[in-house]
Amino acid sequence: MIPLKQRKGLVNKEDPDFSVSQQCEILSIHRSALYYKPKEVSKKDMQIMELMDRMYQEDPTRGTRRYCADLALEGIKIGRDKARSLMRIMCIMAVYCKARTTVIDPGKYKYPYLLRNRIIDRPNQAWGIDISYIPMKNGFMYLCAIIDLHSRYIVGWSISNSMEAAWVVQTVQEAIRNYGKPDIINSDQGVQFTSNEYVNYIKSLRTVKISMDGKGRATDNAQIERWFRTIKYDKIYLNPP
């Protein structure tokens, strides 16, 4: 599947034979997506997100209610809808156990968690991959990192101002070029990791198995989450990039 950004670039608004609507239908693009221009995050919202990021590193079980209450103690009053919107931008969600009452449909590219009770005793047996919000002095970026679950070594990382699946795939490709293929690569169920582009690439590697955290269970990928906490407290919060 061609990434959305490239498909949008294929639309010719001056084409005499095909209308914009017809081109959007052929390319599987919503017309609203074609004309949509991302709105910059305000300076006030960036300050709130930086504070929320620190709170998340301290306690990832916070939901919208607790964010609103804890931010109010800091003199910042926002509603739950606002908190939810900022959490979505930051790519974070409250961590809590959910009842496993349904079976995930594999046709929707949700894969089982393969690391439960598995002993990781050698490099390249299993990697963990995730994305985290990185606050900056004048904005924010996203960090994609891949950790070897045996050595705890970061085998790949990349910075981007957007979270496209192509970017994630490129980060994995670079890690494999440098260190070879893992047996298993584990991620959460984020849209980048359930996208056709990511899933098809991992499948093309033949010997690499896809593993995904249970929904709402960030602790299933605890090693990379712990590394994000370390890099933020030891480096980023002390010296904002």
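**Exercise 1.** Which backbone nitrogen does the side chain of S151 reach?

*Solution.* The model is a predicted one, in which local features need pLDDT of at least 70, side-chain atom pairs count only at pLDDT 80 or more, and totals for chains, interfaces and linings use all residues. Residues are numbered from 1 along each chain as its sequence is written, and side-chain values use heavy atoms, with hydrogens and water left out.

Step 1. Locate the residue: S151 lies in the loop between β2 (139–148) and β3 (154–160). Helices (H or I, at least four residues) and strands (E, at least two) are DSSP runs, numbered from the N terminus.

Step 2. Find the partner: the side chain of S151 reaches the backbone nitrogen of Y153 at 3.2 Å.

Step 3. Check the surroundings: with a relative accessible area of 40%, S151 is partly exposed. Here buried means under 20% relative accessible area, exposed over 50%, and partly exposed in between (1.4 Å probe, protein chains only).

**Exercise 2.** Determine how α5 and α6 are oriented and which residues join them.

*Solution.* Step 1. Take the geometry: α5 (residues 64–73) and α6 (residues 80–90) pack at an angle of about 105 degrees, and their axes are 9 Å apart. Axes are lines fitted to C-alpha atoms, for helices over the stretch in contact, and angles run from 0 to 180 degrees between N-to-C directions.

Step 2. Classify the angle: α5 and α6 are therefore roughly perpendicular to each other (under 35 degrees is roughly parallel, over 145 roughly antiparallel, 65 to 115 roughly perpendicular, the rest oblique).

Step 3. List the residues: α5 contributes T64, R65, Y67 and C68, and α6 contributes R80, A83, R84 and M87. Contact means heavy atoms within 4.5 Å.

Step 4. Examine T64: this residue of α5 is buried at 10% relative accessibility. The side chain of T64 makes a polar contact with the side chain of R80 at 2.9 Å. A polar contact is a pair of N or O atoms within 3.5 Å; within protein, one must be able to donate a hydrogen and the other to accept it, and residues adjacent in sequence count only if both atoms are side-chain atoms.

**Exercise 3.** Where do the buried residues of α6 lie around its axis, and what covers them?

*Solution.* Step 1. Identify the residues: A83, L86, M87 and M90 are buried in α6.

Step 2. Use the arc, taken from the directions from the helix axis to the C-beta atoms: the buried residues of α6 fall within 105 degrees, so they line one face of the helix. On the other side of α6, D81 and R88 are exposed.

Step 3. Name the cover: α4 (43–58), α5 and β1 are among the elements over the buried residues of α6.

Step 4. Follow M90: its relative accessibility is 0%. M90 and M49 are 41 residues apart in sequence, with a C-alpha to C-alpha distance of 7.5 Å. Beyond neighbours within four places in sequence, M90 is in contact with M49, M52, D53 and Y133.

Step 5. Look past the helix end: C91 follows α6 and has a positive phi, near 65 degrees.

**Exercise 4.** Describe the buried side of α9.

*Solution.* Step 1. In α9 (residues 196–204), the residues Y198, V199, Y201 and I202 are buried. They cover an arc of only 165 degrees around the axis, which puts them on the same side of α9.

Step 2. Their cover includes β1 (126–136), α7 (165–179), β4 (184–187), α8 (191–194) and β5 (209–212).

Step 3. Just after α9, R206 takes a positive phi of about 70 degrees.
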